[in-house]
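Please open the structure in your viewer and keep the selection tool at hand. The tour proceeds stop by stop, stating what to select and what is found there.

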Amino acid sequence: AADSDAQKELRARVAELEAQLVQLGVRPRGSEGASGGPVTSFLEESGLMQYAKHLQMAGYHDLETMCCMEDHHFKELGLLPGHALKLRRLLLASREPGWQPPALHGSNGTA
């Protein structure tokens with residue numbers, strides 16, 4: 001069943017609050033962190049941890065599958081447009097030999 005607008009707004013607000021916690025160095029309750037698998041690790045290293053739960057609940061458990069995501073997938077999961085572009089760029093870069101995750105020195109997690 002499709003989510004109502006209220007559910008989508010609530011999920012977006014929860015994601016915003018979780019992102020603020022991560023920026024403050026506080027791991028949100030129920031957060032799996034780096035032990036949550038490759039997707040969670042990738043998102044944490046990329047400053048997009050607030051989307052980990054949404055991606056995992058939607059069945060994205062590996063980077064190979066995430067690399068196949070299209071614009072409508074990002075939109076359905078509630079990614080902000082700038083975050084979707086950042087994630088797409090990082091996923092493409094991650095396929096290059098010798099790729100290293102971005103350093104988050106001073107990053108606030110925004111695109």
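The stops below go from the whole chain to single residues.

**Before selecting anything**

This is a predicted model, in which local features need pLDDT of at least 70, side-chain atom pairs count only at pLDDT 80 or more, and totals for chains, interfaces and linings use all residues. Residues are numbered from 1 along each chain as its sequence is written, and side-chain values use heavy atoms, with hydrogens and water left out.

**Stop 1: the whole chain**

Display the chain as a cartoon. It contains 6 helices and 0 strands; here helices (H or I, at least four residues) and strands (E, at least two) are DSSP runs, numbered from the N terminus. The order along the sequence is α-α-α-α-α-α. Of the 111 residues, 32% count as buried, where buried means under 20% relative accessible area, exposed means over 50%, and partly exposed lies in between (1.4 Å probe, protein chains only).

Next, colour the chain by pLDDT, the predictor's confidence in each residue, from 0 to 100. The mean for the chain is 79, and 76% of its residues reach 70 or more. Select residues 105–111: the pLDDT there is below 50, and beyond near neighbours in sequence this stretch has 11 contacts in the model. Contact means heavy atoms within 4.5 Å. Among contacts in the chain between residues at least 6 apart in sequence, 50% join residues at least 24 apart.

**Stop 2: helix α1**

Select Glu 9, which belongs to helix α1 (residues 5–23). Glu 9 is exposed, with a relative accessible area of 57%. Now add Gly 78 to the selection: Glu 9 and Gly 78 are 69 residues apart in sequence, and their C-alpha atoms are 9.2 Å apart in space.

**Stop 3: helix α2 and its buried residues**

Which residues of α2 are buried? They are Val 39, Thr 40, Ser 41, Phe 42, Leu 43 and Ser 46. The buried residues of α2 pack against α3 (52–57), α4 (63–66) and α6. Just after α2 comes Gly 47, whose phi is positive, near 80°.

Within helix α2, select Val 39. With 1% relative accessibility, Val 39 counts as buried. Apart from neighbours within four places in sequence, Val 39 is in contact with Leu 55, Tyr 60, His 61, Asp 62, Leu 63 and Met 66. A C-alpha to C-alpha distance of 9.4 Å separates Val 39 from Met 49, and the two are 10 residues apart in sequence.

**Stop 4: Ala 52 in helix α3**

Move to Ala 52, found in helix α3. Ala 52 is buried, at 5% relative accessibility. Leaving aside neighbours within four places in sequence, its contacts are Thr 40 and Leu 43. Between Ala 52 and Val 39 the C-alpha to C-alpha distance is 7.0 Å, with their positions 13 residues apart in sequence as the separation.

**Stop 5: where α2 crosses α6**

Two packed helices are described by the angle between their axes and the distance between the axes. Select helix α2 (residues 38–46) and helix α6 (residues 81–94): their axes come within 11 Å and cross at roughly 115°. Axes are lines fitted to C-alpha atoms, for helices over the stretch in contact, and angles run from 0 to 180 degrees between N-to-C directions.

Show the side chains at the crossing. From α2, Phe 42, Leu 43 and Ser 46 meet Lys 86, Leu 87, Leu 90, Leu 91 and Ser 94 of α6. By class, this contact has 5 nonpolar, 2 polar and 1 charged residues. Ala, Val, Leu, Ile, Met, Phe, Trp, Tyr, Cys and Pro count as nonpolar, Asp, Glu, Lys and Arg as charged, and the others, Gly among them, as polar.

**Stop 6: the salt bridge**

How many salt bridges does a search of the whole structure find? It finds 1, a salt bridge being a side-chain nitrogen of Lys or Arg within 4 Å of a carboxyl oxygen of Asp or Glu. Select Asp 71 and Arg 88, whose side chains meet in a salt bridge (2.7 Å, N to O). Asp 71 lies in helix α5 (residues 71–76) and Arg 88 in helix α6, so the pair ties together parts that are 17 residues apart in sequence. Asp 71 is exposed, at 57% relative accessible area, whereas Arg 88 is partly exposed, at 27% relative accessibility.
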